Amino acid sequence: MHSSTAALAEQFDDLQQQQEASSLGMWVFLATEVMFFGGLFTAYILYRNFYLPGFEAGSRLLNVRIGALNTAILLCSSLTMALAVRAAQLGKKGALTTFLFLTLLLGLAFVAVKLGLEWRHDYLEGFAPGVHWTFHGPDWRHIELFFVFYFFMTGIHALHMVVGVGILTALILMAGRGKFSPQRYNAVEVAGLYWHFVDIVWIFLYPLLYLIGGRY
Amino acid sequence: MVDHVVSTKLYILVFAALIALTALTTGVSFIDLGKWNTVAALAIAVCKASLVALFFMHLKWSSGLMRIVLLAAFVWFAILVTLTLADELARQWTPVPSSWEAQIQQQVR
Amino acid sequence: MGEGQGRGEREGDEAMGTVTVETEIESRVHYLNASYGIKSWLLTTDHKRIALLYLASITFFFFVGGAAAVLMRLNLISPGGAIVEPATYNKLFSMHGIIMVFLFLIPSIPAVLGNFLVPLMIGARDLAFPRINLLSWYVFMAGGLLILYSVIAGGVDTGWTFYTPLSTTYANTNVISAALGVFIVGFSSILTGLNFIVTIHKMRAPGMTWFKMPLFLWAMYATSIIQILGTPVLAISLTLVALERLFHVGVFDPAVGGDPVLFQHLFWFYSHPAVYIMILPSMGVISELVTAFSKKRIFGYTFVAFSSVAIAVISFLVWGHHMFVAGQSIYAGLVFSLLSFAVAIPSAIKVFNWTATLYKGSISYDAPMLYALGFIGLFTMGGLTGLFLATLAVDVHVHGTYFVVAHFHYIMVGGAVMGYLGGIHYWWPKISGRLYPEGWARLSAAILFVGFNLTFFPQYVLGYLGMPRRYAVYPSEFQVLNVMSSAGASILGVGYLIPLVYLVWSMRYGPVAGPNPWGAKGLEWQAPSPPPTENFEETPIVTEEAYAYGSEETQVA
């Protein structure tokens with residue numbers, strides 16, 4: 001079957017080795033991402049421990065409803081991504097393209113809500129450190145520090161989402177051209193791993209930023 | 001090696017669980033549990049992350065090597081946090097000679 | 001063992017047709033002549049060609065970093081600073097550190113020897129991800145060019161360590177571009193490590209179990225673990241510095257409650273393991289050299305293999321020893337001090353095992369062996385002084401002095417660079433298909449050894465006597481030692497230039513090499529010199545252990 005021989009890269013002995021290698025490669029890359037975000041989380045944990053009142057006050061200034069909505073959007077996108085991988089495994093080109101496209105839309109929605117709604121609101125209200133900060137009430141320095149972390153962490157996360165959107169676009173184009181088959185769907189699987197990982201980062205960001213604010 | 005094809009039904013079940021856990025964690029954050037709020041939030045987050053990793057990322061059906069890779073990453077993150085905090089939290093513990101105590105009390109904090 | 005014999009005539013069991021006719025190397029197709037033209041090099045996915053791309057780049061950066069060192073040592077001839085102002089001197093030592101660490105030492109053995117040898121030693125046609133390998137070189141060049149830009153645009157003066165708040169708030173030099181350059185180069189390091197881990201796990205030839213692998217591969221594997229788990233933390237710490245500088249927000253700024261020492265935690269979490277990225281590959285080379293040139297199995301294979309992994313793991317637990325006097329809590333200091341003693345143990349295990357391997361071996365003193373012997377002695381000295389520094393109380397006295405400078409140069413230059421040069425010479429016939437001139441090589445090794453010790457031994461004394469590092473001027477009573485050090489540096493410079501000349505010369509005019517001029521064991525010596533693009537005609541099957549030299553009898557020529 002020509003598609004399976006064309007699918008095997010020269011350095012590998014068989015398709016199984018190729019598939020295992022590409023999955024392992026992505027997992028190793030995700031380990032680097034754990035450490036990358038880990039540095040940020042470490043700094044955040046530290047400062048939250050020292051400046052709890054300020055960080056709680058900052059957290060309360062975030063909109064939980066929008067945060068929860070975004071979490072739901074991202075979880076949906078993980079579902080559609082998993083279903084896309086499944087479609088690739090079964091050779092269902094139409095379903096694959098549809099699910100990839102849905103994932104892309106949901107990812108874009110997330111970024112739009114984050115940047116267009118939340119960030120814009122914070123900027124207009126004067127809660128954007130270094131750009132437009134106007135609050136000088138009690139504990140304002142620590143609240144500003146909280147927002148520094150808020151913008152850095154969600155910003156770097158959003159950057160990863162945008163990269164993911166780019167990858168999805170490439171995959172949709174490739175899927176449209178029939179490049180994937182049950183013998184060769186590594187790229188979809190591996191992109192899925194990346195996408196789910198970015199979701200996992202948000203799974204931790206959401207409570208740490210939005211939910212530990214003592215809203216009671 | 002993932003040749004295993006997961007059923008749509010299982011994916012949707014996992015998704016439903018994730019949404020439910022999100023609702024739970026959001027709801028709990030409005031209840032005063034003191035320091036347990038943080039514990040609860042993190043515990044639920046770990047559950048959600050595990051569901052995504054095991055089912056969406058197929059770790060449940062993957063070789064041990066992939067699991068070790070992810071585990072190693074989290075262990076290393078734990079090393080970073082633990083030893084950094086070990087310094088930062090212990091900064092104020094530095095023992096001071098008693099003759100210096102009086103001088104320090106005088107300094108305005 | 002006839003030392004007088006030319007290497008072209010020494011044959012091991014597998015060597016065939018070593019005295020080849022000139023025409024054979026030109027008519028046979030191999031990786032160097034398989035295709036011509038600049039596109040075939042810049043768009044190659046052949047790991048061997050990529051290794052040579054890296055070789056050219058890092059050699060260039062080595063001499064740029066070396067130029068900075070020349071200027072520094074010239075300046076230190078006179079107590080008042082002979083040629084530059086302190087502000088300029090600050091830029092010189094910063095650029096020297098950044099270029100030597102990130103653009104030379106970190107990539108050196110992994111990206112040159114590792115890229116070339118990992119597939120050959122493992123019996124594979126290429127690495128797991130050849131295109132990512134090529135990408136890693138382009139990423140490396142992008143970061144390197146950005147760092148060069150920082151030099152040309154006026155330099156950076158924060159030291160290679162980018163400490164806050166100097167880097168975030170007070171420096172008015174090119175911090176952001178330099179930090180960004182380092183960030184990008186770090187990404188290249190991650191890609192290389194990722195490739196090696198997957199290759200070693202998934203692409204070993206049939207019969208090559210983990211414990212039949214040459215120890216060089218264990219060293220590369222351990223190095224890759226460090227690259228994967230450590231480099232991202234450097235990336236985030238430099239990103240935070242850049243963001244703080246750009247937006248004037250305070251993550252490390254005490255005025256808003258930030259902690260400048262937090263930067264040091266994040267920075268050293270990577271940068272301490274980074275020094276093991278720099279030394280582990282070299283140790284892997286030494287294992288290969290010591291066995292090949294004593295014609296003997298390595299003593300304690302399992303111990304050496306596991307010691308590499310142990311170093312990789314423990315290296316992540318000791319970073320606070322760079323911060324003993326930074327305001328770190330004493331209790332954390334105690335913990336880090338204890339753990340730092342622990343990390344010395346696996347290194348010592350290696351030195352014992354190499355020495356035991358040499359014992360009753362059939363030793364030949366070719367240039368690679370001279371480098372290996374130099375490594376063992378100089379690394380031991382550097383390592384022992386590391387114990388001095390790990391001792392908290394002693395470190396209070398010598399931190400920030402030339403004692404530290406001497407310590408790490410003994411390891412980085414006396415250790416890592418010697419291992420690198422030894423490896424380059426050892427595998428040169430495989431890489432180029434030619435033999436280098438042995439007489440000149442031995443002479444250079446000797447010059448390097450003398451020059452190195454003259455440069456850096458006085459620095460131990462200077463540091464102990466109290467001369468601080470990173471100072472453009474010094475009290476006049478230190479002048480004699482400084483002049484000795486600068487004199488040594490000039491000898492060192494000569495010692496580095498000579499190999500550059502004869503290695504390039506040998507590529508065209510050196511005698512043609514056979515597949516195994518050293519008579520060494522290892523799959524890479526079963527391929528022709530130079531190897532064809534696909535490395536092996538047929539996938540080799542491994543039946544014997546690594547270093548399967550006869551252990552009792554000496555080889556008869």
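Helices, at least four residues long, and strands, at least two, are runs assigned by DSSP and numbered from the N terminus. With that in mind, this tour goes through a predicted model, beginning with chain A.

**Stop 1: chain A on its own**

Select chain A and colour it by secondary structure, which comes to seven helices and two strands. If you follow the chain along its sequence, the elements come in the pattern α-α-α-α-α-β-β-α-α. Turning the view along the principal axes, you can picture the C-alpha atoms of chain A filling a box of roughly 70 × 30 × 30 Å.

**Stop 2: a pair of helices in chain A**

Now select residues 64-89 of chain A, which form helix α4, together with residues 186-211, which form helix α7; the axes of these two helices come within 10 Å and cross at roughly 165°. Because angles over 145 degrees count as roughly antiparallel, that crossing makes α4(A) roughly antiparallel to α7(A). The crossing of the two helices is left-handed.

Show the side chains next, and look for the residues where the helices meet: on α4(A) they include V64(A), G67(A), L74(A), M81(A) and A88(A), while on α7(A) they include V188(A), G192(A), W195(A), W202(A) and Y210(A). Taken together, the residues of this contact divide into 13 nonpolar, five polar and two charged.

**Stop 3: an unusual backbone angle**

Stay in chain A and select D139(A), which lies in the loop between β2 (132-133) and α6 (140-176). Most residues other than glycine have a negative phi. D139(A), however, has a positive phi of about 65° although it is not a glycine.

**Stop 4: where chain A touches chain B**

Bring chain B into view beside chain A, and select the contact between them, which takes 38 residues from chain A and 41 residues from chain B. On the side of chain A, the elements that give two or more residues are α2 (15-50), α4 and α7. Which element of chain A gives the most to the side that touches chain B? The answer is α2(A), with 14 residues. The residues on this side of chain A divide into 24 nonpolar, nine polar and five charged.

**Stop 5: the two domains of chain B**

Hide chain A for a moment and colour chain B by its domain assignment, which gives domain 1 (1-62) and domain 2 (63-94). The centres of these two domains, taken over C-alpha atoms, are separated by 22 Å. Where the domains touch, the contact takes four residues from domain 1 of chain B and four residues from domain 2 of chain B. The residues on the domain 1 side of that contact divide into three nonpolar, one polar and no charged.

**Stop 6: chain C as a whole**

Select chain C, which has 16 helices and zero strands, and whose C-alpha atoms fill a box of roughly 70 × 45 × 45 Å along the principal axes. For a chain of 557 residues, a compact globule would have a radius of gyration near 24 Å, and the 23 Å of chain C agrees with that.

**Stop 7: where chain C touches chain A**

Show chain A again and select the contact between the two chains, in which 30 residues of chain C are in contact with 28 residues of chain A. The elements that give two or more residues to the side of chain C are α7 (175-202), α8 (215-247) and α9 (260-292), and among these α8(C) gives the most, with nine residues. The residues on this side of chain C divide into 22 nonpolar, five polar and three charged.

**Stop 8: a pair of helices in chain C**

Keep α9(C) selected and add helix α10 (residues 301-314) of chain C, which packs with α9(C) at an angle of about 175°, the axes being 11 Å apart. The two helices are therefore roughly antiparallel to each other. Their contact is made by Y276(C), L280(C) and S287(C) of α9(C), and by V304(C), S308(C), I311(C) and A312(C) of α10(C). These residues divide into five nonpolar, two polar and no charged.

**Stop 9: cis peptide bonds in chain C**

Most peptide bonds are trans. Select T164(C) and P165(C), however, and you will find a cis peptide bond joining them, with omega about -5°; P165(C) is found in the loop between α5 (130-152) and α6 (166-170) of chain C. Then move to S529(C) and P530(C), where a cis peptide bond has an omega of about -10°, and where P530(C) has its place in the segment after α16 (479-509) of chain C.

Terms used. Residues are numbered from 1 along each chain as its sequence is written. Chains are lettered from A and ligands numbered from 1 in the order in which they are written. This is a predicted model: local features need pLDDT of at least 70, side-chain atom pairs count only at pLDDT 80 or more; totals for chains, interfaces and linings use all residues. Two residues are in contact if their C-beta atoms, placed from the backbone, lie within 7 Å. Ala, Val, Leu, Ile, Met, Phe, Trp, Tyr, Cys and Pro count as nonpolar, Asp, Glu, Lys and Arg as charged, and the others, Gly among them, as polar. Axes are lines fitted to C-alpha atoms, for helices over the stretch in contact, and angles run from 0 to 180 degrees between N-to-C directions. Angles under 35 degrees count as roughly parallel, over 145 as roughly antiparallel, 65 to 115 as roughly perpendicular and the rest as oblique. A crossing is left-handed if the near helix is turned anticlockwise from the far one by less than a right angle, and right-handed if clockwise. Domain bounds come from an automatic or database domain assignment. The radius of gyration is taken over C-alpha atoms; the globule rule is 2.2 Å times the number of residues to the power 0.38.
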